[in-house]
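Please open the model in your viewer and keep the sequence panel beside it, since this tour moves from one selection to the next. Each stop says what to select and then what is there.

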Amino acid sequence: NAGIEQSLIAKLNAAEKAISKGQKQTAENQLNAFINEVNAQKGKHIKDSAVKILIEDAQYLINHL
């Protein structure tokens with residue numbers, strides 16, 4: 001779904017922008033919003049295996065801010 005894809009990419013872009021400005025809390029909030037949306041789409045528009053990878057990657061980024 002293109003709308004879901006755009007929404008997820010927007011959250012990642014916002015996190016990247018926050019990171020570049022040194023706004024760690026804002027970046028973490030955006031990444032958590034990304035995780036929440038991915039979880040909401042699990043089994044609907046995102047396969048379970050992809051959900052696991054996307055969440056693990058986002059969590060890695062949060063842990064290394």
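Begin by selecting Glu-37 and Lys-11, whose side chains make a polar contact at 2.8 Å. Bear in mind from the start that this is a predicted model, and that the distances and areas on this tour are computed from it. The pair also forms a salt bridge, with the closest N and O atoms 2.8 Å apart. Glu-37 lies in helix H2 (residues 24–41) while Lys-11 lies in helix H1 (residues 2–20), so the salt bridge ties together parts that are 26 residues apart in sequence.

Stay with Glu-37 and show its surroundings. Is this residue buried or exposed? With a relative accessibility of 15%, Glu-37 counts as buried, because the cut-off for that class is under 20% relative accessible area. Leaving aside residues up to four places away in sequence, Glu-37 touches Ile-4, Ser-7, Leu-8 and Lys-11.

Now widen the selection to the whole of H2, which has 18 residues and reaches 26 Å from its first C-alpha to its last, close to the 26 Å expected at 1.5 Å a residue. Colour its buried residues, which are Ala-27, Leu-31, Phe-34, Ile-35, Glu-37, Val-38 and Gln-41. If you turn the view to look down the axis of H2, these buried residues fall within an arc of 165°, so they line one face of the helix. An α-helix has 3.6 residues a turn, so residues three or four places apart point the same way. What covers the buried residues of H2 includes H1 and H3, and showing those two helices beside H2 brings this cover into view. Following H2 you come to Gly-43, whose phi is positive, near 80°.

Next, move to helix H3 (residues 48–63) and select Glu-56 and Lys-52, which both lie in this helix, four residues apart, or about one turn. How far apart are N and O where these two side chains meet in a salt bridge? The distance between them is 2.6 Å. Glu-56 counts as partly exposed at 43% relative accessibility, whereas Lys-52, at 51%, counts as exposed. With this pair and the one between Glu-37 and Lys-11, you have visited the two salt bridges that the structure holds.

While H3 is still selected, go to Asn-63, which is found in this helix and counts as exposed at 54% relative accessibility. To relate Asn-63 to another part of the chain, add Lys-21, which is 42 residues away along the chain, and draw a line between the two C-alpha atoms, which are separated by 18 Å.

Finally, clear the selections and view the whole chain, whose secondary structure comes to three helices and zero strands, in the pattern α-α-α when read along the sequence. The radius of gyration is 12 Å, close to the 11 Å that the globule rule gives for 65 residues, so the chain is as compact as a globular protein of that length. Along its principal axes, the C-alpha trace spans about 35 × 20 × 10 Å. If you colour the chain by burial, buried residues make up 25% of the 65 residues. Among contacts between residues at least 6 apart in sequence, 48% join residues at least 24 apart.

Notes. Residues are numbered from 1 along each chain as its sequence is written. This is a predicted model: local features need pLDDT of at least 70, side-chain atom pairs count only at pLDDT 80 or more; totals for chains, interfaces and linings use all residues. Side-chain values use heavy atoms; hydrogens and water are left out. A salt bridge is a side-chain nitrogen of Lys or Arg within 4 Å of a carboxyl oxygen of Asp or Glu. Buried means under 20% relative accessible area, exposed over 50%, partly exposed in between (1.4 Å probe, protein chains only). The expected span of a helix is 1.5 Å times one less than its number of residues. The arc is that of the directions from the helix axis to the C-beta atoms. Contact means heavy atoms within 4.5 Å. A polar contact is a pair of N or O atoms within 3.5 Å; within protein, one must be able to donate a hydrogen and the other to accept it, and residues adjacent in sequence count only if both atoms are side-chain atoms. The radius of gyration is taken over C-alpha atoms; the globule rule is 2.2 Å times the number of residues to the power 0.38.
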